[in-house]
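Here are my quick notes after a pass through this one. Have the structure open while you read.

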Amino acid sequence: MTTLQESAFAKVNLTLDVLDKRPDGYHNIKSIMQTISLRDDVEIDIGTGKPWCMVCNWDTIPADEKNLAWKAAKLFFDTTGKDPEGLEIRITKRIPTEAGLGGGSADAAAVLRALNRHYDYPFSILALAELGAQVGSDVPFCVLCGTAMAEGRGEQLRKLPDMPQGCCFVICKPDFSSSTPELYRKLDEKVIAHRPDHQAMESALLAGDLGKIAENLCNVFDPVVTQDHLEVNYIKSIFNSYGAVGYQMTGSGSAVFAIVESFEYAAVICNMLRENYPQIYIAKPV
Ligand code: C5P
C-alpha cells in the first residue's frame, strides 16, 4: 500500500465577470483567480485491497461518492483504465464550505494532482486541468494553481504573473450562504452596472502594483449578495477602517476577503472581527 499526500489550496476571485448563458445551462465567465495558502490536507492510500472509502474531519461533508474528491479519483481511474486495487481518501478540512473559496474543487484537484504524480504523469498539467472540468467549474484552476485567467466555464486557463510577495489576505466567512445557481439566475435578470476591467488587472499584476490590483478588484456577484446581506458591508467597513488596500466577496460568496500590505495589518483586522466572525483566516498568495 502507498500513501500519497497533497495540499488542497483555496482560491479567491480577484475579478469575476459572468457573460452569456450557454446551451448546456452553464454561463461563460471571465475571472482572474488567485490561489491562497488556506488549505485542506488530502491523503490517499492506494492498494488497500478493500472497497473504496473516505474519511473527513467535518461530518457535514459527504464522505462518499458524492464528494468531489471521490468523483475526481473515479474519473482519473476510469479515464486511464488503471485499477488502484482499493482506495482510501482522507481529508482534513479547514477551508469553509459554501464560501466561494473553491474548497470542494481544491480537494478534487489535489486528488487529481496526487494520482497523476503517482502514476508518472499520464496527463500534462493542462490536460489534467481540462479533465477536472468534468468534476466542477473551479477544478481546472485548482489543478493549475497560482494566478490565472479562467474563461469558458472555467476550463480555459492562462497563467498570469504572481501577486506581489509579502501581501496577505484576510478571509472572513459570515454565517449565511447563498445558492450559486440562484445567483446566476438573478444575474440573468438584471443589467450588470459594473464589470471588471481585466486588462487593467493584468497590467497591475504585471507591474506588481498592489494598489492598482486592489483598485481593480471587481466581482459581479458582490453587489447582488451584499444588497441582501448588509452584514457584508459591516465586514468591509472593518477592512476599510483597519488598513486594507482592497476588499470584496469571492466567487458567489459568502466569504469576503481583504488584501493587506503585511501580516501585521492582517492580524489587527482578525482581532477586530474574530469575536463576531469565528471563521476568519489569514492567508498568503501561493
Ligand atoms: O460547476 P459548479 O458545481 O461549481 O456549478 C454550480 C452551479 O452554478 C451550476 O449547476 C450552474 O447552475 C451554476 N454555474 C453556471 N455557470 C458556471 C458555473 C456554475 O451557471 N460557469
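1. Start with the pairing of β2 and β5 (residues 147-152): the two strands are antiparallel and share 6 bridges. If you want a spot to zoom in on, Gln 34 has Thr 147 as its bridge partner in β5. Keep in mind that this is a predicted model.

2. β2 also pairs with β4 (residues 87-92), again antiparallel and over 6 bridges. Here Glu 43 is matched with Arg 90 of β4.

3. Then there's β1 (residues 2-21), which runs antiparallel to β2 and is joined to it by 16 bridges. One of the pairs to look at is Leu 16 with Ser 31 in β2. The two strands make a hairpin with 5 residues between them, and in that turn Gly 25 has a positive phi of about 95°.

4. So how enclosed is β2 (residues 27-46) by the rest of the structure? Of its 20 residues, 15 are buried, so the strand is largely enclosed.

5. Over to α3 (residues 125-132), where Leu 128, Ala 129, Leu 131 and Gly 132 are buried. They span an arc of only 160° around the axis, so they sit on the same side of α3. Leu 126 and Glu 130 are exposed, on the face of the helix turned away from that buried side.

6. What covers the buried residues of α3? The elements doing so include the helices α1 (68-80), α2 (103-118) and α4 (139-144), along with the strand β6 (156-159).

Notes:
Residues numbered from 1 in each chain as written. Predicted model: local features only at pLDDT ≥ 70, side-chain atom pairs only at ≥ 80, totals over all residues. Heavy atoms only, no water. Buried < 20%, exposed > 50% of the residue type's maximum accessible area, 1.4 Å probe, protein only. Helix = DSSP H or I, 4+ residues; strand = E, 2+ residues; numbered from the N terminus. Pairing = 2+ DSSP bridges. Arc of directions from axis to C-beta. Contact = heavy atoms within 4.5 Å.
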